[in-house]
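Okay, thanks everyone for squeezing in. I've got one model to walk you through, so let me put it up on the screen.

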Amino acid sequence: MSLISDNIKYLRKKMGVTQEQFSEQLGIKRSLLGAYEEGRADPRISNLIKMAQLFGTSVDILINKDVSKLSDEELIVSKFKRGKEVLAITVNEEQKENIELVPQKAAAGYLNGYADPEYIKELPKFNLPILATGTYRAFEITGDSMLPILPGTIIIGQYVDDIRDIKNGKTYILVTQNDGIVYKRVFNYLEDTGKLFLVSDNRQYSPYQIAGEEVLEIWASKAYISVQFPDADDSKDVSTEQLASIVLELQKEIVKLKEEKK
């Protein structure tokens, strides 16, 4: 038996679920979960992340701490601060980080493989020396919700470790549990409602909100690559007045939500 196997077994029992029930939640066979708990097999990083999310803790705690000796406060990860999972990256011959590209055709697979080093290694990759030091990933976007950024444009984002660092009105690539990979202008109301408000630059699309817990990864947009040039009529950025109007609408909604809670 290993520390990881002991922790998995202890936390599963603490949740009050059977191996059959927990394996269904993980999307794996019960026999594989049994092998994890008996120390006959080591979980892949993607399964460790899923387990940590279900247990309400972090991968770091799951693999490095004896959870039976931790208090609930030490075990539970803040709903706004994600666990210290190791971000899967690749490096070039000079040991500098690559920018991995997630094409649209790979978007669905990325939701399952984003934390798997073997999956990330298979993605197309490139380097862009003009970017400041940091960890970057590139995503091909679809749809016209963020015009004048055109469908097929590649957005290069810098990794954001803490969801609370999202700055109002800036654009981000969000990897989410329910909506997949989305590129939006984001407004951070986590402290008030636990929600992020996602706004499209194309006014034909209505803003919507998602819970902070749904966000798997955050990438702050830093550059874009496109083989198409926007039309002159579409080249105007969202004006300050438009952004102010969006913020005002969101603030009104927050006030309404607070009143409903009373």
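**Helix H4 and its surroundings**

I'll start in the middle of the helical part. In H4, the buried residues are Ser46, Asn47, Leu48, Ile49, Met51, Ala52 and Phe55. Just so we're clear, this is a predicted model.

So what do the buried residues of H4 pack against? They pack against H1, H2, H3 and H5, and also against helix H7, residues 107–113. Right after H4 you get Gly56, with a positive phi of about 75°.

Let's go back to H1, residues 3–15. That's 13 residues reaching 18 Å from the first C-alpha to the last, close to the 18 Å expected at 1.5 Å a residue. Buried in H1 we have Ser5, Asn7, Ile8, Leu11 and Arg12. Look down the axis of H1 and its buried residues fall within an arc of 160°, so they line one face of the helix. And they have plenty of partners: the buried residues of H1 pack against H2 (19–26), H3 (30–37), H4 (45–55), H5 (59–64) and H6 (72–75).

H1 is followed by a glycine too: Gly16, with a positive phi near 80°. H3 is followed by Gly39, where phi is positive and near 75°. As background, most residues other than glycine have a negative phi.

On to H3 itself. Its buried residues are Leu33, Gly34, Ala35, Tyr36 and Glu37, and they pack against H1, H2 and H4.

How do H2 and H3 sit relative to each other, at what angle? They pack at about 105°, with their axes 8 Å apart. With 65 to 115 degrees counting as roughly perpendicular, H2 and H3 are therefore roughly perpendicular to each other. On the H2 side, the contact is made by Gln19, Glu20, Phe22, Ser23 and Leu26. On the H3 side, you're looking at Arg30, Leu33, Gly34 and Glu37. If you're matching those up with the buried set, Leu33, Gly34 and Glu37 of H3 are buried.

Now over to the strands, and a proline to look at. Pro148 lies in the loop between strand E3 (136–140) and strand E4 (154–159). Is the peptide bond from Leu147 to Pro148 cis or trans? It's cis, with omega near 15°. For context, most peptide bonds are trans.

Further along, take Val182, which is in strand E6, residues 180–189. Is Val182 buried or exposed? The relative accessible area of Val182 is 10%, so Val182 is buried. Leaving out neighbours within four places in sequence, Val182 is in contact with Tyr172, Ile173, Leu174, Thr176, Leu198 and Tyr208. There's also Ile141: Val182 and Ile141 are 41 residues apart in sequence, but 7.9 Å apart in space, C-alpha to C-alpha.

Last bit, zooming out to the whole chain. The secondary structure comes to ten helices and nine strands. There are 262 residues, and buried ones make up 44% of them. For the contacts between residues at least 6 apart in sequence, 62% join residues at least 24 apart. As for the surface, the accessible area is about 14600 Å², with 50% of that belonging to carbon and sulfur atoms.

Okay, that's me done. Shout if you want to go back to any of the views.

Methods: Residues are numbered from 1 along each chain as its sequence is written. This is a predicted model: local features need pLDDT of at least 70, side-chain atom pairs count only at pLDDT 80 or more; totals for chains, interfaces and linings use all residues. Side-chain values use heavy atoms; hydrogens and water are left out. Helices (H or I, at least four residues) and strands (E, at least two) are DSSP runs, numbered from the N terminus. The expected span of a helix is 1.5 Å times one less than its number of residues. Buried means under 20% relative accessible area, exposed over 50%, partly exposed in between (1.4 Å probe, protein chains only). The arc is that of the directions from the helix axis to the C-beta atoms. Contact means heavy atoms within 4.5 Å. Accessible areas come from the Shrake-Rupley method with a 1.4 Å probe; for residues, only the protein chains shown count as cover. Axes are lines fitted to C-alpha atoms, for helices over the stretch in contact, and angles run from 0 to 180 degrees between N-to-C directions. Angles under 35 degrees count as roughly parallel, over 145 as roughly antiparallel, 65 to 115 as roughly perpendicular and the rest as oblique.
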